[in-house]
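Here's a quick tour for anyone opening this structure for the first time. Have a look at the model, then read on.

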Amino acid sequence: MQMPWETIFEVTNIYAMVCWLILLLAPKREQVLPMLFMAGCGLLAATYTVLIVGLMSGTLDAAGPRSQDFSSLAGVMGLFDSKGGATIGWIHYLAFDLFVGIWAARNADRRGIARWMQIPVLPFIFLLGPLGLVLYLALRTFAGKSVENAVAPS
């Protein structure tokens with residue numbers, strides 16, 4: 001099946017940005033975060049799942065070379081060498097970065113870290129994933145009022 005990969009990329013990208021804006025600006029996190037988790041991460045993850053299964057099974061056209069070899073750099077590069085593979089890979093990043101952002105916001109709230117201190121860190125999670133996570137972990141180490149569950153995500 002021919003897929004509109006450019007459209008899927010654009011829609012999921014805009015959707016993720018809206019989710020991030022909600023995460024940054026929503027006033028009542030205890031009500032917003034569960035909804036954002038399901039509607040944001042859940043929908044992105046479901047989209048990823050449908051697309052990756054379709055691509056791997058051959059029912060969706062990758063619009064370019066298709067690789068199923070995740071065990072070598074060349075194989076992974078081959079997957080990203082198609083519109084479908086690159087779009088699906090990007091949705092993977094969007095879903096997991098949003099998941100980490102929601103976890104960090106929830107964790108920071110539970111530790112009494114003020115939102116104004118969270119806001120500069122969250123865009124780093126969105127844009128640079130692991131670097132943003134390191135920044136949040138540093139913030140939580142120095143600004144958090146509670147140390148219980150210091151390692152376990154909550």
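## Around Tyr136

Let's start with Tyr136 and its contacts in this predicted model. Leaving aside neighbours within four places in sequence, Tyr136 is in contact with Trp103, Ala104, Asn107, Ala108, Arg111, Ile113, Val121 and Ile125.

## The big nonpolar core

Tyr136 also turns up in the largest nonpolar core, a set of 36 residues. Together with Leu23 and Leu51, Tyr136 touches the most other members. Helices α1, α2, α4, α6 (122–128) and α7 (130–143) are the elements that each give two or more residues to this core. The top contributor is α4, with 10 residues. As a rule, nonpolar side chains in soluble globular proteins tend to be buried together.

## Helix α3 and its two sides

Now for helix α3, which spans residues 73–80. Which of its residues are buried? They are Gly75, Gly78 and Leu79. Looking down the axis of α3, you'd find these buried residues within an arc of 100°, so they line one face of the helix.

Turned away from that buried side is a face carrying the exposed residues Leu73, Ala74 and Met77. And what covers the buried residues of α3? The cover includes α2 (29–57) and α4 (83–110).

## A buried asparagine

Last stop: Asn13, which sits in helix α1 (residues 5–25). Is Asn13 buried or exposed? Its relative accessibility is 18%, and buried means under 20%, so Asn13 counts as buried. Not counting residues up to four places away in sequence, Asn13 touches Trp90 and Leu94.

Conventions. Residues numbered from 1 in each chain as written. Predicted model: local features only at pLDDT ≥ 70, side-chain atom pairs only at ≥ 80, totals over all residues. Heavy atoms only, no water. Buried < 20%, exposed > 50% of the residue type's maximum accessible area, 1.4 Å probe, protein only. Helix = DSSP H or I, 4+ residues; strand = E, 2+ residues; numbered from the N terminus. Arc of directions from axis to C-beta. Contact = heavy atoms within 4.5 Å. Core = buried A, V, L, I, M, F, W, Y, C linked by side-chain atoms within 4.5 Å.
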